[in-house]
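This report looks at charged pairs, nonpolar packing and one sheet in the chain shown below. It begins with a pair of charged residues within a single helix and then moves outward to contacts across the sequence.

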Amino acid sequence: MKKQRMVTMVAAGAATIMALSACGGGTNTSNNSNNGGGANNVAAPNAAIGKIFNPSDKKGGTLRMANSGDWDSLDPADTYYAYSWNFIRLYGRSLMMFASAPGPDGAKLVPDLAEAKGEHSDDLKTWTYKIKKNVKFEDGTVVTSKDVKYAVERSLDKDSFPNGPTYFNEFLDLQGYTSPYKDTDPDKLGLKAIDTPDDNTIVFHLVKPFSGFDYFAQMPSTMPVPRAKDTGTEYKKKVISTGPYKFESNELGKNFTLVRNENWDPSTDPNRKALPDKITVALNVNADDIDNRLQSGDLDVDVVGSGVQPAAQAKILADPQLKNNSDNPLAARLWYTNINGDVAPLNNIECRKAIQYAADKTGYQRAYGGNTGGEIATHLLPPVIPGSEKYDPFPSKDNAGDVDKAKEALGKCGQPNGFETNISYRAERPKEKAVAESLQQSLGRVGIKLNIKSYPVADYAKLYAGKPDFAKSNSLGLMVFGWAADWPDGFGFLKEITDSRTIKPAGNTNFSIKDPGVDAKIDAAMSAKDDASRQKAWVDVDKAAMDTAYALPGVVAKGLYYRPKTLTNVFITDGFSEYDYLALGVAQ
C-alpha cells in the first residue's frame with residue numbers, strides 16, 4: 001500500500017543532500033525533513049518540507065495562480081498531470097484521496113467521498129465502497145453511487161477523453177463495453193463491471209487481481225458526474241462541483257476562477273479547510289514572468305509545480321533573503337527523452353544505442369538548473385522508489401557521453417556517418433527546449449543531426465508526440481518528456497510508460513517502449529505478492545526497458561520552489577511532490 005511504501009521512499013531519500021544545503025541552506029531537504037514535524041513561522045530554506053510553514057486557519061482573500069501553458073483538461077475524466085490531480089481536489093471529490101498533510105503523511109490514502117477504504121474479495125477482484133450520505137453537487141442534488149459509476153464509465157471513452165489514465169480500461173471486467181455515449185440502452189446493456197446495489201454502495205469487478213485498487217479510487221475519474229448534465233467533450237467548460245469550490249468563470253486557454261460552493265458541507269469533508277474565498281488561475285503566462293511575479297508578490301503559486309526557471313533559480317540561490325523563501329524537495333519524477341522505434345533508422349537497436357552513448361547527460365542536467373534541478377539518471381526508476389537499483393547499461397566518463405562507443409554503434413546499424421531525425425519538446429517548457437538544444441549539440445559530435453520541433457503542452461500527448469501516427473509521419477525520432485509516479489512504487493511509476501499494451505491511437509504516456517519482453521516482466525511484477533519480490537520484479541522491468549534503448553534517461557527531478565510571503569499553510573505534499581494546493585491560504 002502507498003502509506004507503507006512512501007515511508008520507505010522517504011527514508012531512502014533522507015541521506016540525499018539537496019543543493020540548497022550545498023549553497024548554505026544547511027538542511028537535509030528530503031520530503032521527510034528532519035525538522036521534527038509540526039509547524040513553523042521562521043523563513044528559511046526548505047521551511048515547508050516536512051512541516052507546515054506559516055500555519056493559519058484564517059479564511060478569506062484570493063489565491064492567485066498561473067500556468068505557463070494550458071491545462072490538459074479540467075474534466076476529471078481527461079486529465080493526467082500531477083499538478084492537475086493536486087488542484088482538482090478543490091472542486092471535485094473522489095472515493096479516496098491523499099491526506100492534506102506535510103511529509104510522508106501526505107502520501108497516505110484517506111476516505112473522501114467513500115466512508116472507508118475499499119473492502120475486497122479474497123481473490124482481490126471485487127472491491128466495494130460505501131459512499132457518504134448527504135454529499136451534494138453544487139446545484140444541491142445529492143450525490144449517489146450511480147453518479148460515481150457514470151463518472152468512471154465515461155472516463156473509459158478514450159476517443160472523447162484521450163488524456164486520462166487507462167487503468168480502469170485495463171483492470172475492469174468490461175466485457176466489450178467502451179462508452180456510455182455509444183450505449184443505446186443503458187438499462188439493458190450498460191457497464192456490468194460496476195454495480196450500484198443502492199444509492200450509497202458501489203462495487204467494482206476486475207478482470208485480474210490487484211491489491212492496490214484504493215489508489216485507483218483516488219483518481220479524478222471517480223469524481224461524480226451527473227449524467228443529465230454531462231456534455232461529453234464540452235464538460236470541461238462547466239464541470240459540476242462536489243468540492244468546496246465551483247467555477248465562477250472559465251475562458252478556455254485564458255483563465256478561470258473558482259468561488260465558494262455553497263452546497264459543500266464541511267461536516268462530510270474533514271480533509272479540506274477551504275481557506276481562500278476565491279481562486280484565480282491565469283493560463284499561457286510566460287514562465288519567466290511567473291517567477292518574477294512570485295518574487296514581487298503579484299502572484300501566489302506557479303501551479304505547474306516543477307520549480308522556477310534557470311534565471312530565477314540563479315537569482316534566488318544568490319540572495320539569502322530570497323533563498324529563505326525557497327524549497328528544494330526530491331520527487332518521484334524523471335525527465336527523459338523517448339527514442340521512437342517507428343522512425344527509421346531508430347527501428348535498429350544499435351542506432352538507438354548510438355544516441356544513448358552520444359548523449360551528454362551533464363548538458364541535460366544543466367537544462368534543469370544543475371544539481372538543484374536534478375540528479376543525472378542512468379535508468380528509469382528514480383532512486384526514491386523503494387527497491388530501485390542503480391543501473392547504467394550505457395556508461396560514459398563523467399556522464400558526458402562516449403563518442404567512440406556511439407560511433408561503434410552507428411557502424412553496427414549501417415549509419416557510420418550518422419543520420420538525421422527530428423526532436424520534439426513542449427513549447428511552453430523552456431527547460432525542455434534547452435534539453436533539445438543540448439542533445440542537438442552532443443549528438444552532432446557523431447553525425448546525428450537533430451531538427452528541433454515544438455508543440456503546445458496541452459496537446460503534446462493528444463495530437464503530437466503522444467499520437468503514434470503523427471510522430472511517425474513527422475519523423476519525431478526523439479521526443480522530450482517527463483513522468484511522475486502516480487504513486488511511489490514500481491507499478492505507479494513504470495507501468496504507464498513501459499507497457500506497450502497501454503498504447504492507443506492518441507493521448508499516450510508511453511511514446512516509445514514497445515517490447516513483448518518488457519510486457520512479460522510487467523505481468524510477472526503484477527503477480528508478485530510480497531514487497532521484496534514485487535520490488536525486485538519492478539527493477540527487472542526497469543532493466544529490461546533500458547536494455548531496449550527506447551528511452552534516454554535525463555535527470556531525476558528536484559525543483560527549486562519559491563514560497564511567497566503572501567501564502568499561509570504552505571508545505572510539500574509527498575502525495576504529489578508539490579505544494580499542497582488544498583491547504584493553502586492567503587496572508588491577510
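## A charged pair within one helix

In this predicted model, Lys-353 is partly exposed, its relative accessible area being 23%. Its salt-bridge partner is Glu-350, and the closest N and O atoms of the two are 3.7 Å apart. Glu-350, by contrast, counts as buried, because its relative accessibility of 17% falls under the 20% limit used for that class. Both residues belong to helix H10 (residues 349-358), where they are three residues apart, or about one turn of the helix.

## Salt bridges between distant parts of the chain

The structure holds 34 salt bridges in total. One of them joins Asp-269 to Arg-93, with 3.8 Å between the closest N and O atoms. Asp-269 sits in the loop between strand E11 (255-260) and strand E12 (278-282), whereas Arg-93 sits in the loop between helix H3 (82-87) and strand E4 (96-98), so this salt bridge ties together parts that are 176 residues apart in sequence. Asp-269 is buried at a relative accessible area of 2%, and Arg-93 is buried at 1%.

Arg-333 and Glu-578 form another salt bridge, the closest N and O atoms again lying 3.8 Å apart. This pair also links distant parts of the chain, since Arg-333 is in strand E15 (residues 330-339) and Glu-578 is in strand E24 (residues 578-579), 245 residues apart. Both Arg-333 and Glu-578 are buried. Elsewhere, salt bridges link Glu-170, Lys-208, Lys-495, Asp-499, Arg-501 and Asp-523 in a network.

## A buried charge without a partner

Asp-542, located in helix H18 (residues 531-547), is buried but has no salt bridge. The nearest side chain of opposite charge belongs to Lys-543 and is 8.0 Å away, whereas a salt bridge would require the relevant N and O atoms to be within 4 Å. What does Asp-542 touch, not counting residues up to four places away in sequence? With those residues left aside, the contacts of Asp-542 are His-379, Leu-380, Leu-381 and Leu-494.

## Nonpolar cores

In soluble globular proteins, nonpolar side chains tend to be buried together. Here the largest nonpolar core has 157 residues, and those with the most contacts inside it are Phe-87, Tyr-129, Phe-204, Phe-216 and Leu-439. When residues up to four places away in sequence are not counted, Leu-439 touches Thr-337, Ala-359, Tyr-364, Ile-423, Gly-444, Leu-450, Leu-478 and Leu-552. A second core, separate from this one, has 12 residues, among them Ala-66, Val-285, Leu-317 and Leu-560.

## An open sheet and the helix across it

Four strands make up an open sheet with antiparallel pairing, in the order E6-E7-E9-E8. Strand E6 (119-120) and strand E8 (194-198) are at the edges and have a single partner strand each, so one side of each is left without a neighbour in the sheet.

The antiparallel strands E8 and E9 (residues 201-205) are joined by three bridges, and the bridge partner of Asp-195 in E9 is Val-203. Helix H4 (residues 145-155) lies across both E8 and E9, running at about 170 degrees to E8.

Technical notes:
Residues numbered from 1 in each chain as written. Predicted model: local features only at pLDDT ≥ 70, side-chain atom pairs only at ≥ 80, totals over all residues. Heavy atoms only, no water. Helix = DSSP H or I, 4+ residues; strand = E, 2+ residues; numbered from the N terminus. Buried < 20%, exposed > 50% of the residue type's maximum accessible area, 1.4 Å probe, protein only. Lys, Arg positive; Asp, Glu negative; His and termini not counted. Contact = heavy atoms within 4.5 Å. Core = buried A, V, L, I, M, F, W, Y, C linked by side-chain atoms within 4.5 Å. Pairing = 2+ DSSP bridges. Axes fitted to C-alpha atoms, helices over the stretch in contact; angles between N-to-C directions.
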